[in-house]
Amino acid sequence: MRDYKVRKEPGLSWIEIGKQVHEFGSGGQHHPHRGAILSQLEILIGRLKEMGYVPELSLALYDTEMEHKEDQLLHHSEKMALVFAIMNEGTLPCGRNVIKIMKNIRICVDCHNFMKLASYLFQKEIVVRDSNRFHHFKYATCSCNDYW
């Protein structure tokens with residue numbers, strides 16, 4: 001693929017906080033609140049693991065070490081956007097009970113499972129619009145019935 005200069009489109013997520021749209025890439029390298037977001041994300045991951053969340057390491061790239069695979073998976077853009085929304089829930093445009101995240105590619109299985117558990121933990125509806133559909137996560141279930 002490199003010989004033909006074929007590249008994978010990077011996964012991006014957007015969320016509106018106040019009247020400003022925030023963009024997240026995997027790892028959140030370019031966001032000004034990156035440190036605080038990553039710190040809160042680690043806390044959230046710990047809480048979700050206590051509830052039974054297990055990262056789907058089979059989805060990560062094959063040519064990386066196991067520890068790096070989990071790190072890649074846990075810092076997907078939609079997870080970063082979710083944490084930022086929780087940190088700023090008082091300024092969400094839909095009120096405090098609905099979090100809306102937009103994506104440019106499909107949501108992966110790991111993020112799908114993560115959002116289901118997060119919706120239960122925070123008792124909030126999380127709406128993720130990926131490239132194919134709207135996913136409405138509420139009470140640890142998704143409107144797609146895990147078929148997408």
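Helices (H or I, at least four residues) are DSSP runs, numbered from the N terminus. L41 lies in one of them, helix α1. The model used in these exercises is predicted.

**Exercise 1. The overall layout**

Task: Find how many helices and strands the protein chain has, and in what order they run.

Solution:
- Step 1. Count the elements. The protein chain has four helices and six strands.
- Step 2. Read from the N terminus. The order is β-β-α-α-α-β-α-β-β-β.
- Step 3. Turn to burial. Of the 148 residues in the protein chain, 40% are buried.
- Step 4. Look at contacts between residues at least 6 apart in sequence. Of these, 62% join residues at least 24 apart.

**Exercise 2. The nonpolar core**

Task: Work out which elements give two or more residues to the largest nonpolar core, and which gives the largest share.

Solution:
- Step 1. Start with the members. The largest nonpolar core has 33 residues. I15, L82, I99, I101, F114, M115 and I126 touch the most other members.
- Step 2. List the elements that give two or more residues to this core. They are β1 (12-17), α1 (34-50), α3 (77-87), β3 (98-103), α4 (109-122) and β4 (125-129).
- Step 3. Pick the largest share. That share is seven residues, and it comes from α3.
- Step 4. Zoom in on I126. Residues up to four places away in sequence are not counted here. I126 then touches L82, I99, I101, M115, A118, S119, H135, H136 and F137.

**Exercise 3. Helix α3 and residue S77**

Task: Decide whether α3 is largely enclosed or largely open, then place S77 in that picture.

Solution:
- Step 1. Count burial in the helix. In α3, 10 of the 11 residues are buried, so the helix is largely enclosed by the rest of the structure.
- Step 2. Name the buried residues. They are S77, E78, K79, M80, A81, L82, V83, F84, A85 and I86.
- Step 3. Place S77. This residue lies in helix α3.
- Step 4. Apply the cut-off. Buried means under 20% relative accessible area. S77 has 2% relative accessibility, so it counts as buried.
- Step 5. Check the contacts of S77, leaving aside neighbours within four places in sequence. S77 is in contact with G11, L12, S13, F24, G25, S26 and K103.
- Step 6. Look closer at S13. The side chain of S77 makes a polar contact with the side chain of S13, at 2.7 Å.

**Exercise 4. How α1 packs**

Task: Describe how α1 sits against α3 and against α4.

Solution:
- Step 1. Take α1 and α3. Their axes are 9 Å apart, and the helices pack at an angle of about 100 degrees.
- Step 2. Name the arrangement. Angles of 65 to 115 degrees count as roughly perpendicular. α1 and α3 are therefore roughly perpendicular to each other.
- Step 3. List the residues that meet. A36, I37, L38, Q40, L41 and L44 in α1 meet K79, M80, L82, V83, F84 and M87 in α3.
- Step 4. Sort that contact by class. There are 10 nonpolar, one polar and one charged residues.
- Step 5. Take α1 and α4. Their axes come within 10 Å and cross at roughly 90 degrees. That makes α1 roughly perpendicular to α4.
- Step 6. List the residues. L41, L44, I45, R47 and L48 in α1 meet F114, L117, A118, L121 and F122 in α4.
- Step 7. Sort this contact too. It has nine nonpolar, no polar and one charged residues.

**Exercise 5. Two residues compared**

Task: Find whether L41 is buried or exposed, then find where E70 is and which residues it contacts.

Solution:
- Step 1. L41 has a relative accessible area of 0%, so it is buried.
- Step 2. Leave aside neighbours within four places in sequence. L41 is in contact with L74, H75, K79, M80, V83 and F114.
- Step 3. Take K79 from that list. L41 and K79 are 38 residues apart along the chain, and their C-alpha atoms are separated by 7.6 Å.
- Step 4. Move to E70, in helix α2 (residues 66-74). E70 is partly exposed, with a relative accessible area of 24%.
- Step 5. Leave aside neighbours within four places again. E70 is in contact with K49, P55 and L57.

**Exercise 6. Positive phi**

Task: Find where Q123 and A140 lie, and state the phi of each.

Solution:
- Step 1. Recall the rule. Most residues other than glycine have a negative phi.
- Step 2. Q123 is in the loop between α4 and β4. Its phi is near 55 degrees, a positive value.
- Step 3. A140 is in the loop between β5 (134-138) and β6 (141-142). Its phi is positive, at about 65 degrees.
- Step 4. Add accessibility. Q123 is partly exposed at 46%. A140 is partly exposed at 29%.

Technical notes
Residues are numbered from 1 along each chain as its sequence is written. This is a predicted model: local features need pLDDT of at least 70, side-chain atom pairs count only at pLDDT 80 or more; totals for chains, interfaces and linings use all residues. Side-chain values use heavy atoms; hydrogens and water are left out. A nonpolar core is a set of buried Ala, Val, Leu, Ile, Met, Phe, Trp, Tyr and Cys residues joined through side-chain atoms within 4.5 Å. Buried means under 20% relative accessible area, exposed over 50%, partly exposed in between (1.4 Å probe, protein chains only). Contact means heavy atoms within 4.5 Å. Axes are lines fitted to C-alpha atoms, for helices over the stretch in contact, and angles run from 0 to 180 degrees between N-to-C directions. Angles under 35 degrees count as roughly parallel, over 145 as roughly antiparallel, 65 to 115 as roughly perpendicular and the rest as oblique. Ala, Val, Leu, Ile, Met, Phe, Trp, Tyr, Cys and Pro count as nonpolar, Asp, Glu, Lys and Arg as charged, and the others, Gly among them, as polar. A polar contact is a pair of N or O atoms within 3.5 Å; within protein, one must be able to donate a hydrogen and the other to accept it, and residues adjacent in sequence count only if both atoms are side-chain atoms.
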